[in-house]
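Here's a quick tour of a structure you have open in front of you. Keep the viewer handy and follow along.

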Amino acid sequence: MADGQGASPARGIIEPATLVAIERAARLLRAGDLVGMPTETVYGLAADALNPEAVQKIFAAKGRPADHPVIVHLPSADHLPRWAASIPKDAIALARAFWPGPLTLILRREADVPDEVTGGQDTVGVRVPAHSIALALLQVFGSGIAAPSANRFGRISPTTAAHVQEELGERVAMILDGGACPVGIESTIVDFSRDVPEILRPGAITADDIARVIGRRPRVRSEVEQGSSAQGGADAAGRLDAPHVPRVSGALAAHYAPRTPLRLVEASRLAGEAAELAATGCRVAVLAISVGDPQDGRLAWHAAPAQPGAYAHDLYASLRTLDALGVDLILVETMPAGAAWTAIADRLGRAAVGSGAEDDET
Ligand code: TXA
Ligand code: MG
């Protein structure tokens, strides 16, 4: 890269996360630059959450609309009062139970949290990630790090440092290499800004996990309600809640999508449908769970793990691999029943809606 400054390191380089590299990443964040950061869920595109210009760079790098809020990552729950006002006791209970971990809490914000972080809303999303490199960076940095997933808007979230480089290249100053993300899909988001806790985005921590801690089931926003403004109805206190609909980009129907069209197919129909399509000259890739490879040379057959944790771990990398094959269609076997598959089914449902679109979608 010819930057004319000789000594300044090239941008977008993947670096082993040594203490020296982590300290350099913290300095870059302090200087208002962007860094690729591993977390246990997916890689984040990190910026100083108290620096509005730095957070604006996130939106430019992702190609994401500026009114979408971003999650603030904290070194520990002790930092909560700096960011959130009036924290409900159930939110504290969840933080105690699941932090560090794949859980984001939406809380009323403290007044001086930048609008760039909250999307101009009166709430802020916060979480403490369970990843040693993210926690080390947070501790060295000493404050909140704003970080959405480190992908271009509407695309598959990155679960390796190489994915971040593919997505963002020199838009990031550096990428800390933390290997493959152990969880593989984004955090569960629970909104505590209203009377009834509500899951805005399912994740590895399920509604049952939450109910066990707080003694009541959170409301779960359905896919249809998400991203629409038709969320009427009265809450427990009888108030109409329609005016408060948080903008959650993970709630847009078309999200997490490969460029290749993707369709979900029941196990019983999977091999048959793939063969029929191949017979018409359609190039087909298949992501199967229970259905064995029919050894049909016309099909790119990819076996996914049958255990939901392992499936989630591999999912985004598998979708990238299948997307890169240049086939006409990706067929994905539908998820088995069960709460552990809910978040995966959510992401694949969105991938099916959003797939095949061009890069300039908004
Ligand atoms: O696992 C994760 O949560 C990853 C890692 C990097 O931490 N981050 C992530 O960020 O998925 P992002 O921006 O791709 O998705 C975060 C979601 C977005 O849909 C955003 O709109 C929503 O959280 N969000 C953030 N703050 C919010 C707020 N105050 N109210 C409602 N939704 C919020
Ligand atoms: Mg995202």
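What follows covers the cores, the open sheet with its helices, some backbone oddities and the cysteines.

First, some ground rules: this is a predicted model, so local features need pLDDT of at least 70 and side-chain atom pairs count only at pLDDT 80 or more, while totals for chains, interfaces and linings use all residues. Residues are numbered from 1 along each chain as its sequence is written, chains are lettered from A and ligands numbered from 1 in the order in which they are written, and side-chain values use heavy atoms, with hydrogens and water left out.

**Cores**

Let's start inside. A nonpolar core here is a set of buried Ala, Val, Leu, Ile, Met, Phe, Trp, Tyr and Cys residues joined through side-chain atoms within 4.5 Å. Buried means under 20% relative accessible area, exposed over 50%, and partly exposed in between (1.4 Å probe, protein chains only). The largest nonpolar core has 64 residues, and Leu105, Val126, Leu137 and Ile145 have the most contacts inside it. Leaving aside residues up to four places away in sequence, Leu105 touches (heavy atoms within 4.5 Å) a set of residues including Trp99, Val126, Val190 and Phe192. There's also a second, separate core of 25 residues, with Leu287, Ala312, Leu322 and Val327 among them. In soluble globular proteins, nonpolar side chains tend to be buried together.

**The open sheet and its helices**

Helices (H or I, at least four residues) and strands (E, at least two) are DSSP runs, numbered from the N terminus. Two strands pair if DSSP finds at least two bridges between them. Four strands make an open sheet with parallel pairing, in the order β12-β15-β13-β14. β12 (262–265) and β14 are the edge strands with a single partner each, so one side of each has no neighbour in the sheet. On average, neighbouring strands of this sheet are turned by 20 degrees against each other, direction ignored. Between β13 and β14 there are five bridges, and Ala285 has Ala300 in β14 as its bridge partner.

Which strands does α10 lie across? Helix α10 (residues 308–323) lies across β12, β13, β14 and β15 (329–333), at about 175 degrees to β13. Axes are lines fitted to C-alpha atoms, for helices over the stretch in contact, and angles run from 0 to 180 degrees between N-to-C directions. Helix α11 (residues 342–354) lies across β12 and β15, at about 135 degrees to β12. The buried residues of α11 include Ile344, Leu348 and Ala351, along with Asp346, Arg347 and Arg350. Their cover includes β10 (198–201), β12, α10 and β15. Right after α11 comes Gly356, with a positive phi near 80 degrees.

**Backbone oddities**

Most residues other than glycine have a negative phi, and most peptide bonds are trans. Two non-glycine residues with positive phi are tabulated here:

| Residue | Phi | Loop | Relative accessible area |
|---|---|---|---|
| Ser86 | about 40 degrees | between α3 (80–83) and α4 | 58%, exposed |
| Gln295 | near 55 degrees | between β13 (284–288) and β14 (299–303) | 66%, exposed |

The peptide bond from Trp99 to Pro100 is cis, with omega near -10 degrees. Pro100 sits in the loop between α4 (89–98) and β5 (103–108).

**Cysteines**

How many disulfides are there? Counting a pair of cysteine sulfur atoms within 2.5 Å as a disulfide, the total is zero. Cys181 is buried at 1% relative accessible area, and Cys282 is buried at 17%.
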